[in-house]
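Reader: I am new to this structure and would like a close look at a single part of it, the salt bridges. Please take me through them slowly, and then set them beside the surroundings that help to place them.

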Amino acid sequence: MPDMDPETTHTEPAVDEEASLFSTMDLLLFSVIVGFVVYWFMSRKKPEPIPEFKKLDTPTPTTRETSFIEKMKKTGKNIIVFYGSQTGTAEEFANRLSKDAQRYGMKGMVADPEEYSMGELSRLSEITNSLAIFCMATYGEGDPTDNAQDFYDWLQENDDEDLSGLNYTVFGLGNKTYEHYNAMGKYVDKRLEQLGATRIFDLGMGDDDGNLEEDFVSWREQFWPAVCEHFGVEASGDESSIRQYELKEHTDINMNKVYTGEIGRLKSFEVQKPPFDSKNPFLALVTVNRKLNKAGDRHLMHLELDITGSKIRYESGDHVAVFPTNDSALVNKLGQILGVDLDVVISLNNLDEESNKKHPFPCPTTYRTALTHYLDITHPPRTNVLYELAQYASDPKDQENMRKMASSSPEGKALYQSWVLDASRNILAILEDMPSLRPPVDHLCELLPRLQARYYSIASSSKVHPNSIHICAVVVEYETKTGRTNKGVATNWLKNKLVTDNGHKSTVPMYIRKSQFRLPFKSTNPVIMVGPGTGIAPFMGFIQERGWLKQQGKEVGETVLYFGCRHKNEDYIYQEELEGSEKNGVLTKLNVAFSRDQDHKVYVQHLLTKNKEHVWKLIHTDNAHIYICGDARNMAKDVQTAFYEIAEQVGVMTRTQAVDYVKKLMTKGRYSQDVWS
């Protein structure tokens, strides 16, 4: 091998120099050994298969947990009900529709779109007689709910998706007092059709400002016959109660394994770990809790929550979500009327072992914890709860009335409206007024909806208060037609969150929900803020931030506030702060409407039209941004009408042109609303 010659020539002198150490025989043996080693290595380079180094075939990856198609095939399901839910109602409706499927010889499963790959919708045709139902709530200003955001993005981005094999229907949940009524339900319904899917029943729309339950029941009564006709199936006629969970009582359990109110991870309130969100709230210390109003029969309050060390970040206009607990007196009364030991440790386990939802609430836990932390016991129960509980009424008349209220008959609807909704009867009131009804507490716990987080507009700026979140709220308390006093769960719970209570510091489980309610990017843009009552909350943050910007030497545009309350000497909240901000120039103009301090009512919309020339200049000439916060049912509509009138009178427009002008402001992000009904 010629390439070895130089090496051989080079090594020879070294051998001669050490002749005294090696004999001729040694050299001969050494040469033989080297030759053998070289031959062995060269022979190894031949392209022969070497089993011990052969690449192993990798097994086909198992189906990801995000495949709802594989789960449906595995469990024999043919109906899937997706929900987009912010307050739990859409999820509740989805569960009811899934249970309905069993009565029609089908098998349904409920799915959170956030947990699955929605790109698999095109594969649903692989399952015979398959159907996708979408219960989609609209949140805020026509937005998807948090858990449906990714699904919404997917629908928008995938123009080439072929859903021609998909059978679907949509039920939307909305509120007519909002500008974008049922926007999410309408969008999903239309978009699925555009992508080739087959709508097997018309879009249903529920109005929470009217009677959402009645809207759903009426739609559902027509929906299932349409499904039967489409797939050629018949109802089984079985209208009996179908349990979803089975009860297990724990007689000997380590109490460290028992949930005591945690939302997600066990012991998460003892050992806090960021990031903090809806499944892992932060326990914030209450550092301030003071009454805002000077007089009157209402209680308006200001709370400050300490978020030091939490790594929580927020912006002015965001919402803080808090997880309240039910009044212990109500919980105790429920335990007494049902004759149960509330401190028994239990688990409610899903009978469908393949379901992602193993329990209706964190388990194992006690009945007391479930009724205090996890279940909604103060809202009037929906008709499905009455229907399921009817079997436990020993009086046939009570059974008949409960089933009638759950029906879609005009008489049943009217009875439910008057006896349950108009009378504001919660589950305790129903049990008290129907002595023959004594359901098992475990079935009641299965049926009651989850107690939801409550959202409040943050009343502070993180530029000024980086480690503190401020809340402004009015305590809800009213007398019902039955003479009972009903109290708002969250506001009464917050009211009692004293800074120190018997030596203990009060805490509030919370997290931040981002909002689109934002100050203009350019600080030079003027802002017009309209927020009567507790609607002033986000504007306290806006004012603080505009003041901070001025302190930084930034040029800040006009900052105008329209605030309203009943009486100057009673409920003019934040009076000192607001008047101080006007005095130091942060607030360019403070306009306050005292609605009941004179013979005729004066509201914020009246002050807007009174200052119409200035308002129109700010909007039309100076590029002002408008912000509305508060009541959606009346105030927001009246204020919007005032802006129409200003555009007509000062801008010399027709009503049609004025409406179009305001809509364009909304589209450009210059007319924002943070409203509730």
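Author: What follows goes through three salt bridges one by one, and then turns to the nonpolar cores and to the positions listed in a record.

The model is a predicted one, and 35 salt bridges are found in it. One of them brings together the side chains of Arg123 and Glu70, with a distance of 2.7 Å from N to O. The two partners come from distant parts of the chain, 53 residues apart, since Arg123 sits in the loop between strand S2 (108–111) and strand S3 (131–139), while Glu70 belongs to helix H3 (residues 68–75). Arg123 has a relative accessible area of 24% and is therefore partly exposed, and Glu70, at 26% relative accessibility, is likewise counted as partly exposed.

A second pair is formed by Glu213 and Arg382, whose closest N and O atoms are 3.7 Å apart. Glu213 lies in helix H7 (residues 212–231), and Arg382 in the loop between helix H9 (367–374) and helix H10 (383–389), so this salt bridge ties together parts that are 169 residues apart in sequence. With a relative accessibility of 3%, Glu213 counts as buried, because that value falls under 20%.

In a third pair, Glu545 meets Lys463 in a salt bridge, and here the closest N and O atoms are 3.9 Å apart. This pair also links distant parts of the chain, 82 residues apart, with Glu545 in helix H16 (residues 537–551) and Lys463 in the loop between strand S14 (454–457) and strand S15 (468–474). Glu545 counts as buried at 11% relative accessibility, whereas Lys463, at 34%, counts as partly exposed. Salt bridges can also share partners, and in this way Glu70, Lys73, Glu120, Arg123 and Glu126 are joined into one network.

The nonpolar cores come next. The largest nonpolar core has 37 residues, and those that touch the most other members are Phe361, Leu371, Leu389, Ile427, Leu437 and Cys445. Among the elements that give two or more residues to this core are H9 and H10, together with helix H8 (328–338), strand S12 (345–350) and helix H14 (441–447). If neighbours within four places in sequence are left aside, Leu437 is in contact with Leu389, Tyr392, Ala393, Met402, Ile430 and Leu431. Another core, of 33 residues, lies apart from this one, and its members include Val602, Met653, Tyr661 and Val662.

Val602 appears again in a record, for an unreviewed UniProt entry lists it under "binding site", where the other positions include Arg298, Thr534, Lys601, Val604 and Asp638. Two of these listed positions can be followed further. Lys601 is found in the loop between strand S23 (589–594) and helix H18 (604–610), and its relative accessible area of 44% makes it partly exposed. Not counting residues up to four places away in sequence, Lys601 touches Ser595, Arg596 and His606, and the first two names in that group, Ser595 and Arg596, are also on the UniProt list. Val604, by contrast, is buried, with a relative accessible area of 3%, and its place is in helix H18. Leaving aside neighbours within four places in sequence, Val604 is in contact with Val530, Pro532, Tyr562, Phe563, Gly564, Ala593, Met635 and Val639.

Definitions and conventions:
Residues are numbered from 1 along each chain as its sequence is written. This is a predicted model: local features need pLDDT of at least 70, side-chain atom pairs count only at pLDDT 80 or more; totals for chains, interfaces and linings use all residues. Side-chain values use heavy atoms; hydrogens and water are left out. A salt bridge is a side-chain nitrogen of Lys or Arg within 4 Å of a carboxyl oxygen of Asp or Glu. Helices (H or I, at least four residues) and strands (E, at least two) are DSSP runs, numbered from the N terminus. Buried means under 20% relative accessible area, exposed over 50%, partly exposed in between (1.4 Å probe, protein chains only). A nonpolar core is a set of buried Ala, Val, Leu, Ile, Met, Phe, Trp, Tyr and Cys residues joined through side-chain atoms within 4.5 Å. Contact means heavy atoms within 4.5 Å. UniProt positions are given in the numbering used here, feature names are shortened, and annotations may be inferred rather than shown by experiment.
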